[in-house]
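The following note was prepared in reply to a request for comments on the structure shown below. The points are numbered for ease of reference.

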Amino acid sequence: MKNQNNAVIDKKLAWDTRMLTRISLLAALSVVFLLAVPRVALVPAAPYLQYDMADVPILLAAFLLGWAPGLWVLALVSLIQGVALGENGLVGALMHFCATGGQVLAAVYLANKLGGLRGLAIGLLAGAVTRMLIMVPLNLLITVYVFGQPAEVVRAAMLPGIMPFNFLVAAINSLIFFVIFQVNEKVFRNLLNQQL
């Protein structure tokens, strides 16, 4: 009986170690995308908002490993981006986690519920809309009350800048993920399922 218990514990620890390694690797890839891919302004009305590709590995994590590991990758990347790289500190990390977290949860839920390629496309589109909608109250609260921007300025920037920017970021990253996932799903699954 003791040997069986030890075997179960060893198996669980091995799984946990492999999962932590996978989460760490995808978080590292996300940071590489964040640092290596040039940032561009997507919306002329808000040139200070710049696109980055960091969410693509987060989507990979969520779809290949599950929504919970995807959120762990997101949490690590948000902390690194917000704190270590100095992009709006913990508040920026929180905003990124909420926006991308909502996107990931909506995309994975609908893709799994609907199934197939159509379900994946609908899930990713719903995720992009979810991110955009989450950023409306976050900007009205955090940008105004934490960062001290006048409420009328934030409201005026919402429709021509903030909303389309967040939708475009999510849509572009979802499209990149979609192409990579469709072309290389088996490769990714094999890599992530190997003993690390």
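1. Which residues does Q103 touch, not counting residues up to four places away in sequence? In this predicted model, the residues that Q103 touches are D55, L59, G127, A128, T130, R131, A170 and S174. Q103 itself is found in helix α4. With a relative accessibility of 1%, Q103 counts as buried, because the cut-off for that class is under 20%.

2. Two of the residues touched by Q103, D55 and R131, deserve a point of their own. Their side chains meet in a salt bridge, with an N to O distance of 3.1 Å. The bridge links distant parts of the chain: R131 belongs to helix α5 (residues 116-145) and D55 to helix α2 (residues 55-64), and the two are 76 residues apart. Both R131 and D55 are buried. A search of the whole structure finds one salt bridge. As general background, side chains of opposite charge can pair when their charged atoms come close.

3. T100 also has its place in helix α4. It touches D55 and R131, together with I58 and L74, when residues up to four places away in sequence are not counted. T100 has a relative accessible area of 1% and is therefore buried. The C-alpha atoms of T100 and M132 are separated by 9.6 Å, and these residues are 32 apart along the chain.

4. S174, another residue touched by Q103, lies in helix α6. Leaving out residues up to four places away in sequence, S174 touches L59 and L124 as well as Q103. Its relative accessibility is 4%, so S174 counts as buried.

5. V91 gives a further view of helix α4, in which it lies. Is V91 buried or partly exposed? V91 is partly exposed, because its relative accessible area of 25% is not under the 20% that defines a buried residue. Leaving aside neighbours within four places in sequence, V91 is in contact with I142, V146 and F147. Between V91 and T143 the C-alpha to C-alpha distance is 9.6 Å, with their positions 52 residues apart in sequence.

6. Helix α2 is mostly covered, with ten of its ten residues buried. Among them are D55, the residue that begins the helix, and L59; P57 is also one of the buried residues. After α2 comes G66, whose phi is positive, near 120°.

7. Helix α3 has 18 residues, which should span 26 Å at 1.5 Å a residue; the end C-alpha atoms are 25 Å apart, so the two values agree. The buried residues in α3 include P69, G70, V73, L74 and V77. Just after α3, G86 takes a positive phi of about 70°.

8. Helix α5 consists of 30 residues and reaches 43 Å from its first C-alpha to its last, close to the 44 Å expected at 1.5 Å a residue. At L138, α5 bends by about 35°.

9. The largest nonpolar core holds 33 residues, and those touching the most other members are F63, V73, L120, L124, F177 and F181. Two or more residues of this core come from each of α1 (2-36), α2, α3 (67-84), α4 (89-114), α5 and α6 (151-193). The largest share, eight residues, comes from α2. Another core lies apart from it, has eight residues, and includes A157, M158, I162 and M163. In soluble globular proteins, nonpolar side chains tend to be buried together.

10. Some totals complete the note. The secondary structure of the protein chain comes to six helices and two strands, and from the N terminus on the elements run α-β-β-α-α-α-α-α. Of the 196 residues in the chain, 41% are buried. Among contacts between residues at least 6 apart in sequence, 69% join residues at least 24 apart. The accessible surface of the chain comes to about 10,600 Å², and 70% of this surface belongs to carbon and sulfur atoms.

Note on methods: Residues numbered from 1 in each chain as written. Predicted model: local features only at pLDDT ≥ 70, side-chain atom pairs only at ≥ 80, totals over all residues. Heavy atoms only, no water. Salt bridge = Lys/Arg side-chain N within 4 Å of Asp/Glu carboxyl O. Helix = DSSP H or I, 4+ residues; strand = E, 2+ residues; numbered from the N terminus. Buried < 20%, exposed > 50% of the residue type's maximum accessible area, 1.4 Å probe, protein only. Expected span 1.5 Å × (residues − 1). Bend = angle between axes of the 7 residues up to and from the residue. Core = buried A, V, L, I, M, F, W, Y, C linked by side-chain atoms within 4.5 Å. Contact = heavy atoms within 4.5 Å. Areas by Shrake-Rupley, 256 points an atom, 1.4 Å probe, with all protein chains shown as cover.
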